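Please open the model in a viewer and keep the selection tool at hand. The stops below are arranged as a tour, each with something to select and a note on what is found there.

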Amino acid sequence: MIEHEIYMKRCLQLAKNGLGTTYPNPLVGSVIVHNGKIIGEGWHKKAGEPHAEVNAINSVKNKELLSESTIYVNLEPCSHFGKTPPCANLIIEHKIPKVVIGCIDSYSEVAGKGIEKLTNAGCKVTLNILEKECLEINKRFFTFHNKKRPYIILKWAETADGFIAPLVNHTKSSIAISNQYSRQLVHKYRTEEQAILVGTNTVLNDNPNLDARDWFGQHPTRIVLDRRNKIPADFNVKNKENPTIVFTEVENCLNSENCIYEFSIFDTLLISNILNNLYDKNIQSVIIEGGTFTLQQFIDSNLWDEARVFISENKSIEGIKKPDFNFKPNQKIKIKNNQLNKYTNYD
């Protein structure tokens, strides 16, 4: 089992290379071992491109060794035809006798069917190696398919005395809380998720880009809650840099090239309706970045999976208070004069 765990850890390392680029597919890495030596490995890079098992098999120089090898994969090989052929079929075709799997894929199109196909073909299948870690890496994918909503990450920055939008000298000018390293980390986080959501006041006050310009990777889809359609057309969230979805109560808003309006009543069902809409759009993860009122709606509805809170050493005395959030962090990370507290809301 220790040997299996060593190679499964390598699968997980490889799988993480696809974070932010494989949506709507899961993160998967694969390793092929012959007589205690890795002879092939690969990971899934992008939806529509070859899966991890395909890339691992293709990387093996001497294909004759496959019939004497073990293939490791952190997620059950698929058994259905999607944009690519089933990986279970390819494993059988190459007569790989042993398959070690990190966790079962609960997605209905797979859900044990890949394992059944491999077993019926005579493969020796070993299951649930580092299962917890393998489930964790695909928490977005599993939350989306099992809970029928995106994986939700709350994020904000606050002063040491609890202000999310601190003011300077009793004026309306706000001051930055996060240092440059924290801001860069936030942009990295944005490349890892499919969407980012903010409320009207955040846009009107800050005119943010909501992109990931300080890190290499894909920009998230921007989601804006704008009940009265107050945000001007020339604001950054409506530029052509990346797509924007605006939820509003104003009917018959005209969509532009990169901005789609979705009609929604801003009542007690608003958050649930938004999440249903994003699920229908196949958006698997979203970062909620503010403001306080918007964040509080998700907190009060218990519709969040993670929270990432950046805390400055500085105090403000006045401004807009942070959300009411009484949870204990799982992890505390020092980022120069900032502290990042991480929270989880799942088992």
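The tour goes from the whole chain to its cores, then to aromatic rings, a cavity and two individual residues.

**The whole chain**

Begin with the entire protein chain, bearing in mind that this is a predicted model. Displayed as a C-alpha trace, the chain extends over about 75 × 45 × 30 Å along its principal axes. Switch to a cartoon, where 10 helices and 16 strands can be traced. Of the 347 residues in the chain, 51% are buried. Contacts between residues at least 6 apart in sequence can be sorted by separation: 69% of them join residues at least 24 apart.

**The nonpolar cores**

Next, select Met8, Val31, Ile32, Ile57, Ile71, Tyr72 and Val99. Within the largest nonpolar core, which has 41 residues, these seven touch the most other members. Colour helix α1, residues 2-15, separately: this helix gives the most to the core, contributing six residues. A second core, separate from this one, comprises 29 residues, among them Ile164, Ala195, Leu225 and Ile299.

Return to Tyr72 and display its surroundings. Leaving aside residues up to four places away in sequence, Tyr72 touches Glu3, His4, Tyr7, Met8 and Cys11, together with Gly29, Ser30, Val31, Val33 and Val100.

**Aromatic rings**

Now show the side chains of Phe, Tyr and Trp. The whole structure contains nine aromatic pairs. Select Phe141 and Phe142: their ring centres are 5.7 Å apart and their planes meet at 70°, so this pair is edge-to-face. Are these two residues buried or exposed? Phe141 is buried, at 4% relative accessibility, and Phe142 is buried as well, with a relative accessible area of 8%.

Then select Trp156, Trp304, Phe325, Phe327 and Tyr343, which ring pairs link into a cluster. Keep Trp156 displayed, as it returns at a later stop.

**The cavity**

Select Tyr23, Asn25, Leu27, Asn138 and Arg140 and centre the view on them. A search of the whole structure finds one cavity of 30 Å³ or more, and the volume of the largest cavity is about 70 Å³. Its lining consists of 13 residues, and the five selected here lie nearest the cavity centre. What is the make-up of this lining in nonpolar, polar and charged residues? Six are nonpolar, six are polar and one is charged.

**Lys322**

Move to the loop between β14 (319-321) and β15 (331-335), where Lys322 is found. Lys322 is partly exposed because its relative accessibility, 28%, falls between the 20% and 50% limits. Draw a C-alpha to C-alpha distance from Lys322 to Trp156: the two are 8.3 Å apart in space, although 166 residues separate them in sequence. With residues up to four places away in sequence set aside, Lys322 touches Trp156, Glu158, Gly162, Phe163, Ile164 and Thr292. One of these contacts, Ile164, is also a member of the second core, while another, Trp156, belongs to the aromatic cluster.

**Gln297**

Finish with helix α10, residues 292-300, and select Gln297 within it. Gln297 counts as buried because its relative accessible area of 17% is under 20%. Beyond residues up to four places away in sequence, Gln297 touches Leu270 and Ile271; displaying these two side chains completes the tour.

Methods: Residues are numbered from 1 along each chain as its sequence is written. This is a predicted model: local features need pLDDT of at least 70, side-chain atom pairs count only at pLDDT 80 or more; totals for chains, interfaces and linings use all residues. Side-chain values use heavy atoms; hydrogens and water are left out. On a 1 Å grid over the protein atoms alone, a cavity is a set of points where a 1.4 Å probe fits but cannot get out, and a pocket is an open set with protein on both sides within 12 Å along at least five of seven lines; lining residues have an atom within 4 Å of a point. Grid points are joined across faces, edges and corners, and a volume is the space filled by probe spheres set on the points. Ala, Val, Leu, Ile, Met, Phe, Trp, Tyr, Cys and Pro count as nonpolar, Asp, Glu, Lys and Arg as charged, and the others, Gly among them, as polar. A nonpolar core is a set of buried Ala, Val, Leu, Ile, Met, Phe, Trp, Tyr and Cys residues joined through side-chain atoms within 4.5 Å. Buried means under 20% relative accessible area, exposed over 50%, partly exposed in between (1.4 Å probe, protein chains only). Helices (H or I, at least four residues) and strands (E, at least two) are DSSP runs, numbered from the N terminus. Contact means heavy atoms within 4.5 Å. Rings of Phe, Tyr and Trp (its six-membered ring) pair if their centres lie within 6.5 Å; planes under 30 degrees apart count as stacked, over 60 as edge-to-face and the rest as tilted.
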